[in-house]
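Trainee: I'm new to this one and would like to learn how to read its features. Could you walk me through it?

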Amino acid sequence: MPRDEKNLHYKAMSIFLFLESHWFVWVTQMNHIPMEIEYERHQDWLTMQLQSTCNIEKSFFNDWFSGHLNFQIEHHLFPRMPRHNYHLVAPRVRALCEKHRIPYEIKTLWRGMVDIVSSLKTSGELWLDAYLHK
């Protein structure tokens, strides 16, 4: 492969990996970071899974953008299930949660992204207080 072609290939791969890594962080963290989790409460496994994650509402774009991981609750409950089937079990999981009064949280994609930014802001303020403003 000629040198110019190798450089072009390297640059293209670098851009792709940069974009892919940012996409991955946004998709995975909008369902996890902002969730309030209390430790040492000795709750059952189902309740803990539902408190540690949330879903992003179903839409054609959200399903495509997240690779069906907008159904993060179902992903935590059924990690071996093919992702394109999560929307099929979601109504059953939600009904079970309603029956047992367990919160089942669904957010918009926008709310999930705003929550990431808010969480990063909070983390930054904690870091500043701990390390800069000693």
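**Reading the surface and its contacts**

Mentor: Let's start with one residue. Trp127 counts as partly exposed, because its relative accessibility is 48%. Keep in mind as we go that this is a predicted model.

Trainee: Where is Trp127 placed, and which residues join it in a nonpolar surface patch?

Mentor: Trp127 sits in helix H6, which covers residues 109-132. Its partners in the patch are Leu128, Tyr131 and Leu132, and the four of them make about 450 Å² of nonpolar surface.

Trainee: On to charges. How many salt bridges does a search of the whole structure find?

Mentor: For a salt bridge, you look for a side-chain nitrogen of Lys or Arg within 4 Å of a carboxyl oxygen of Asp or Glu. The search of the whole structure turns up 5 salt bridges. One of them joins the side chains of Lys58 and Asp63, at 2.5 Å from N to O.

Trainee: Is Asp63 buried or exposed?

Mentor: Asp63 is buried, because its relative accessible area is 7% and buried means under 20%. Lys58, at 46%, counts as partly exposed.

Trainee: Which residues are linked in a network of salt bridges?

Mentor: That would be Lys107, Arg111 and Asp115. The side chains of Lys107 and Asp115 meet at 2.5 Å, N to O. Lys107 counts as buried at 6% relative accessibility, and Asp115 counts as buried at 12%.

Trainee: What about Glu125 and Lys121: how many residues apart are they in helix H6?

Mentor: They are 4 residues apart, about one turn of the helix. Their side chains meet in a salt bridge of 2.5 Å, N to O. Here Glu125 is partly exposed at 37%, while Lys121, at 53%, counts as exposed.

Trainee: Now the rings. How many aromatic pairs does a search of the whole structure find?

Mentor: The search gives 3 aromatic pairs. Phe61 and Trp64 form a tilted one, with 5.7 Å centre to centre and 50° between the planes. Both residues lie in helix H3 (residues 60-66), 3 residues apart. Phe61 and Phe65 form a stacked pair, at 5.4 Å centre to centre with 15° between the planes.

Trainee: Why are Phe61 and Phe65 separated by about one helical turn?

Mentor: Because they are 4 residues apart in helix H3. Put the rings together and Phe61, Trp64 and Phe65 form one aromatic cluster. Within that cluster, Trp64 counts as exposed at 62%, Phe61 is partly exposed at 42%, and Phe65 counts as buried at 18%.

Methods
Residues are numbered from 1 along each chain as its sequence is written. This is a predicted model: local features need pLDDT of at least 70, side-chain atom pairs count only at pLDDT 80 or more; totals for chains, interfaces and linings use all residues. Side-chain values use heavy atoms; hydrogens and water are left out. Patches are made of residues with over 30% relative accessible area and no salt bridge: like charges are joined within 9 Å, nonpolar side chains (Val, Leu, Ile, Met, Phe, Trp, Tyr) within 5 Å. Accessible areas come from the Shrake-Rupley method with a 1.4 Å probe; for residues, only the protein chains shown count as cover. Helices (H or I, at least four residues) and strands (E, at least two) are DSSP runs, numbered from the N terminus. Buried means under 20% relative accessible area, exposed over 50%, partly exposed in between (1.4 Å probe, protein chains only). Rings of Phe, Tyr and Trp (its six-membered ring) pair if their centres lie within 6.5 Å; planes under 30 degrees apart count as stacked, over 60 as edge-to-face and the rest as tilted.
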